[in-house]
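Colleague: I have the sequence and the model open side by side. Can we go through them by question and answer?

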Amino acid sequence: MSRRPLAWKSLGRLGLCAGVLAPGGPAFAIDVELCARYAVDYADADAAVGDDYLTDNDEVLASGVRIQVVRNSDSAIVFDGNADDGGADDGCVAVTGLTTTNYSVRVLSTAEVAGNTLKVWNNDSSNVLHAWVDPFWVPPLGGGTETFTTSLGDPWRILATATHAMHRSDAGLSGENLVFYTQECSGGGSCLGGNGRVYLCPSATCSNNPHNKTLVGHEMGHLVFFLGNGKDFTSFSYAYTPGTSDSDGGSGHRINSEEYQGAAANEGIAHFWAAFAFNDDTESDCGFDYYASSVDWDYDSFGEEDQISCEGAPDSSGAPTVDGADYHGDVCGGTADKGVEYDWLRLGWDLVSDESIPMEDIVDIWDLADPDAWNTNGSGVAEAMSDAADTVGWGAEYDYWADFNGTDR
Ligand SMILES: [Zn+2]
């Protein structure tokens, strides 16, 4: 007879830990399934947007997240591993061999998702993961499942969105590190930095912040297409200033501003990644909450709706002059080598929803179009994308929707 039943009984009577009663090895082990979830509070998780995923602020399963269990008595890390990424135990991991002492449970801001690693680091000088900690946890004697939910915070808002997006598509990426900082860009706001890592301006600093899942998705889109292009940045310029009053006056890029084609494509493809993350591409409808307070779609100096469609028109009542295609031609004059982010967003959505082109093929088209070699004045961008689509095998489909959406100039 093993000693385990004796130790178990003694424990109950004496209230001492089993390890004390059974020197030389664990007297009995407690096996527990630990599950983690993210608390989220997205401002744009709203049924009015018309998208399909992360549409409420229910807790999000922490798929693939890294969990640590630390024994408080001696600070030994007794478990360090990642939760399952999908399946019946999505966001959970089996932890065995615990005893009736107390532990700290840490949920760390990194996850293994769809063959890639997502990391949220504090800042680019110390590069440290964030941690949510339950400082005093005693495993239940009978084992079972214990669920830990993070507090609300930017790291978890970012990781929940990035995890979800990576589940929607791995974009053909494998074994990549996708790093996000809870830090403002050196130039302000949020961006893909020159180090190939995303900077998301903290909610304490910027009004556009990780409370917006669409902003997180957009910046992640820049990162995904950067990685998909062999870690090369797009060559583009925001410096185009339209000469007419009917489009953006050159104060940086907006979703409906006329820009050099490379800039419009680079921003529009990032919008498209966010739209794809939150919309079911087996349905043609597509809701998108642009992270601005409003958009002056008809350039009458009054802002209209920023919750828009990436399939049809932005808003039929607020912007009657804008229809479901070619905003650049309809509103901005359709100048050669120029374009509008919104048209690129709608192009991407048409390619996946109407033509069922896989996201990784879109990334391949981007890669083959060689965005790092584009002229910053936008010349040749439309042709490079069309030629690349032809090479990937979607030439006819691409050209049809590029013409339809007006991204072919
Ligand atoms: Zn951007």
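Colleague: In which sense do strand 3 and strand 6 pair?
Modeller: This is a predicted model, and in it strand 3 covers residues 65-71 while strand 6 covers residues 103-113. R71 of the pair stands opposite Y103 in strand 6. Seven bridges join the two strands, and their sense is antiparallel.

Colleague: How many bridges join strand 3 to strand 4?
Modeller: Strand 4 is made of residues 76-82 and runs antiparallel to strand 3. I67 stands opposite G81 in strand 4. The two strands form a hairpin with four residues between them. The number of bridges joining them is six.

Colleague: Which residue in the turn of that hairpin has a positive phi?
Modeller: Most residues other than glycine have a negative phi. The turn lies between strand 3 and strand 4, and one residue in it has a phi of about 60°. That residue is not a glycine. It is S75.

Colleague: Is S75 buried or exposed?
Modeller: S75 sits in the loop between strand 3 and strand 4. A residue counts as exposed if 12 or fewer other C-beta atoms lie within 10 Å of its own. S75 has 8 such atoms, so S75 is exposed.

Colleague: Where is K231, and is K231 buried or exposed?
Modeller: K231 is a residue other than glycine with a positive phi, near 60°. Its place is the loop between helix 4 (213-228) and strand 13 (258-260). With 10 other C-beta atoms within 10 Å, K231 is exposed.

Colleague: Which loop holds A48, and how far is A48 from I308 in space?
Modeller: A48 is in the loop between strand 1 (30-38) and strand 2 (60-61). A48 has 11 other C-beta atoms within 10 Å and is therefore exposed. A48 and I308 are 260 residues apart along the chain, yet their C-alpha atoms are separated by 9.9 Å.

Colleague: Which residues does G189 contact, leaving aside its neighbours within four places in sequence?
Modeller: G189 is in the loop between strand 10 (177-181) and strand 11 (191-192). G189 has 17 other C-beta atoms within 10 Å, so it is partly exposed. S207, 18 residues away in sequence, is 9.0 Å away in space, C-alpha to C-alpha. The contacts of G189 are E184, C201, C206 and N208.

Colleague: What distance separates the end C-alpha atoms of helix 5?
Modeller: Helix 5 runs over residues 261-278, which makes 18 residues. At 1.5 Å a residue, helix 5 should span 26 Å. The end C-alpha atoms agree with that, at 26 Å.

Colleague: How many residues of helix 5 are buried?
Modeller: Across the chain of 409 residues, 48% count as buried. Helix 5 is mostly covered. Its buried residues number 18 of 18.

Colleague: Where does the largest nonpolar core lie with respect to domain 1 and domain 2?
Modeller: This core has 111 residues, and L159, A162, V198, W273 and A275 touch the most other members. Helix 5 gives the most to the core, with 12 residues. Domain 1 (31-216) and domain 2 (229-405) both give residues to the core, so the core lies between them.

Colleague: Which residues does W273 touch, not counting those up to four places away in sequence?
Modeller: W273 is one of the core residues that touch the most other members. Its partners beyond that limit are G217, M220, G221 and V224.

Colleague: Why do the buried residues of helix 9 line one face of the helix?
Modeller: Helix 9 (residues 381-392) has V381, A382, A384, M385, A388, A389 and V392 as its buried residues. Seen down the helix axis, these residues line one face because they fall within an arc of 165°.

Colleague: Against which helices do the buried residues of helix 9 pack?
Modeller: Helix 9 has 12 residues and reaches 17 Å from its first C-alpha to its last, close to the 16 Å expected. G393, with a positive phi near 110°, follows helix 9. The buried residues of helix 9 pack against helix 5, helix 8 (359-368) and helix 10 (395-405).

Colleague: What share of the contacts with a separation of 6 or more joins residues 24 or more positions apart?
Modeller: The secondary structure of the chain comes to 10 helices and 16 strands. Among contacts with a separation of 6 or more, the share from residues 24 or more positions apart is 65%.

Terms used
Residues numbered from 1 in each chain as written. Predicted model: local features only at pLDDT ≥ 70, side-chain atom pairs only at ≥ 80, totals over all residues. Buried ≥ 20, exposed ≤ 12 C-beta atoms within 10 Å, placed from the backbone. Contact = placed C-beta atoms within 7 Å. Expected span 1.5 Å × (residues − 1). Pairing = 2+ DSSP bridges. Arc of directions from axis to C-beta. Core = buried A, V, L, I, M, F, W, Y, C linked by C-beta atoms within 7 Å. Domains from an automatic or database assignment.
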